[in-house]
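Grab your viewer and work through a few exercises. Try each task yourself before you read its solution.

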Amino acid sequence: PMLLSTPFKNLLTIVLLAWSLLQAHTSLAHGGAKPQHGGIVQSAHDLTFELIPHKQGLALYVRDHGKAVTANGRGTITVLHKGKTQEAALTAAGAYWSATPLAAPKGSTVVAVLMLANPKTVSVRFRVK
């Protein structure tokens, strides 16, 4: 078997260490995946989205690199559950978007599409557990 030379081992170690640090930085670059409001978190399009189902409907918070994105623009949200589809407009409500009355029961899939002000259209999918 071919043995690696010490300089090559050192270079390989440095490359692997740099790659692992880059991966760690990338995973934390958007504020992590911890819910800020007790909801379901997903990342897409360099943004972090948090869906909060509540009695009155659904709320959607957006963060960019850990900072809240002010709700402006427009969007839609679709709930798919047991072969049935419900859709509602997302309304800007200051720090978040809301959709009422719309329920997202356990086991449903929720797809949000936002047309942001910059103009950028983003979509994100959630699975309600």
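Below are four exercises on this predicted model, each with a worked solution.

Some ground rules: local features need pLDDT of at least 70, side-chain atom pairs count only at pLDDT 80 or more, and totals for chains, interfaces and linings use all residues. Residues are numbered from 1 along each chain as its sequence is written, and side-chain values use heavy atoms, with hydrogens and water left out.

**Exercise 1. Find the aromatic pair and classify its geometry**.

Step 1: get the rule straight. Rings of Phe, Tyr and Trp (its six-membered ring) pair if their centres lie within 6.5 Å; planes under 30 degrees apart are stacked, over 60 edge-to-face, and the rest tilted.

Step 2: apply that rule, and you end up with one aromatic pair. Tyr61 and Tyr96 have ring centres 5.1 Å apart and planes at 40°, so this pair is tilted.

Step 3: place the partners. Helices (H or I, at least four residues) and strands (E, at least two) are DSSP runs, numbered from the N terminus. Tyr61 belongs to strand 3 (residues 57-64), while Tyr96 sits in the loop between strand 6 (84-92) and strand 7 (97-99); the pair links distant parts of the chain, 35 residues apart.

Step 4: check burial. Buried means under 20% relative accessible area, exposed over 50%, and partly exposed in between (1.4 Å probe, protein chains only). Tyr61 has 18% relative accessibility, so it counts as buried, whereas Tyr96, at 27%, is partly exposed.

**Exercise 2. Work out which strands pair with strand 3**.

Step 1: set the criterion. Two strands pair if DSSP finds at least two bridges between them.

Step 2: go through the partners. Strand 2 (residues 47-54) runs antiparallel to strand 3, with seven bridges, and Phe49 stands opposite Val62. A hairpin with two residues makes the connection between strand 2 and strand 3. Strand 7 is also antiparallel to strand 3, over three bridges, one bridge pairing Ala59 with Ser98. Strand 4 (residues 67-68) joins strand 3 by two bridges, again antiparallel, and Asp64 has Lys67 as its bridge partner.

Step 3: look at the cover. Six of the eight residues in strand 3 are buried, which leaves the strand mostly covered.

**Exercise 3. Describe the surroundings of Ser108**.

Step 1: locate the residue. Ser108 is in the loop between strand 7 and strand 8 (109-116), and its relative accessibility is 0%, so it counts as buried.

Step 2: check the polar side. A polar contact is a pair of N or O atoms within 3.5 Å; within protein, one must be able to donate a hydrogen and the other to accept it, and residues adjacent in sequence count only if both atoms are side-chain atoms. Here the Ser108 side chain reaches the backbone oxygen of Pro105 at 2.6 Å.

Step 3: list the contacts (heavy atoms within 4.5 Å). Skipping neighbours within four places in sequence, Ser108 touches Val79, Leu80, His81, Phe126, Arg127 and Val128.

**Exercise 4. Pick out the backbone oddities at His45, His65 and Pro101**.

Step 1: scan phi. His45 has a positive phi near 55° without being a glycine; this residue is in the loop between strand 1 and strand 2 and is partly exposed at 37%.

Step 2: move on to His65. Phi is positive here too, near 55°, and His65 lies in the hairpin of strand 3 and strand 4, which has two residues between the strands. At 49% relative accessible area, His65 is partly exposed.

Step 3: scan omega. The peptide bond joining Thr100 and Pro101 is cis, with omega about -20°, and Pro101 is in the loop between strand 7 and strand 8.
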